[in-house]
Amino acid sequence: QFIGTSNNVVVTPDVPGVPAASQLSEVAGRPNVQANDKVVIGTNQYVFVSKLTNTMPNQVAIAALFDGSLNNLIAAINGAAGAGTSYSTNTVANAQVLAGTLTNHSFTVAARAPGVAGNSIYTALSASATNLVWNGSYLSGGADPVPGSTNIVSSSSVPYDSFINRGWLSDEGSAVWANYFENMGS
């Protein structure tokens, strides 16, 4: 008869990081964005214009409808299709954030990298942009990832608490590591 109890193994799974985020929304009942309204996200300042000057970076075309203007801004932030028509061709994708899809006249920008560092990405509007609102002055909610852990250093480094044999064990060779070892069998 063999009696053995192994040490408890505690495994803590990984906790993924969370990117910081903020939401830009249309103020209900307000008209479309106006020429020279500015939206700041981190180190980028986007300017809404009636006519694009493609040599000027971060210009965003004002569309006929408010949602169209915000979709143009989303394209500019992400460096998506529309360069030269929705936003100026000298605009490059924002290196700090990605913009989500427009839903109910608003969209979320999220830090490209998860973690608390994203909580320091600044958001602002020019004084003239009274028809838009951020839900905070900085992205928020970012959390660093937490790596998983175990109390096992390696798969062969945890001894049995006890290993007691009073019977017959058969194998082709083994090493037993135990805090208490008793063998009265074969």
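## Pairing of strands 7 and 8

Two strands are taken as paired if DSSP finds at least two bridges between them. In this predicted model, strand 7 and strand 8 (residues 106-111) run antiparallel and are joined by three bridges. Within this pairing, L98 stands opposite A110 of strand 8.

## The four-stranded sheet

Strands 7 and 8 belong to an open sheet of four strands, whose order is 7-8-3-10 and whose pairing is antiparallel. The edges are taken by strand 7 (97-99) and strand 10 (132-134); each has a single partner strand, so one side of each is left without a neighbour in the sheet. From one strand to the next, the twist averages 20°.

Helix 1, comprising residues 66-78, packs on this sheet. The helix touches strand 3 (21-26), strand 7, strand 8 and strand 10. The direction of helix 1 makes about 145° with that of strand 7.

## The environment of E182

A separate point of interest is E182, which lies in strand 13 (residues 178-183). Is this residue, E182, buried or exposed? With a relative accessible area of 13%, E182 is buried, because the term applies to values under 20%.

The side chain of E182 makes a polar contact with the side chain of Y180, at 2.5 Å. When residues up to four places away in sequence are not counted, E182 touches F163, I164, N165 and R166.

Technical notes:
Residues are numbered from 1 along each chain as its sequence is written. This is a predicted model: local features need pLDDT of at least 70, side-chain atom pairs count only at pLDDT 80 or more; totals for chains, interfaces and linings use all residues. Side-chain values use heavy atoms; hydrogens and water are left out. Helices (H or I, at least four residues) and strands (E, at least two) are DSSP runs, numbered from the N terminus. Axes are lines fitted to C-alpha atoms, for helices over the stretch in contact, and angles run from 0 to 180 degrees between N-to-C directions. Contact means heavy atoms within 4.5 Å. Buried means under 20% relative accessible area, exposed over 50%, partly exposed in between (1.4 Å probe, protein chains only). A polar contact is a pair of N or O atoms within 3.5 Å; within protein, one must be able to donate a hydrogen and the other to accept it, and residues adjacent in sequence count only if both atoms are side-chain atoms.
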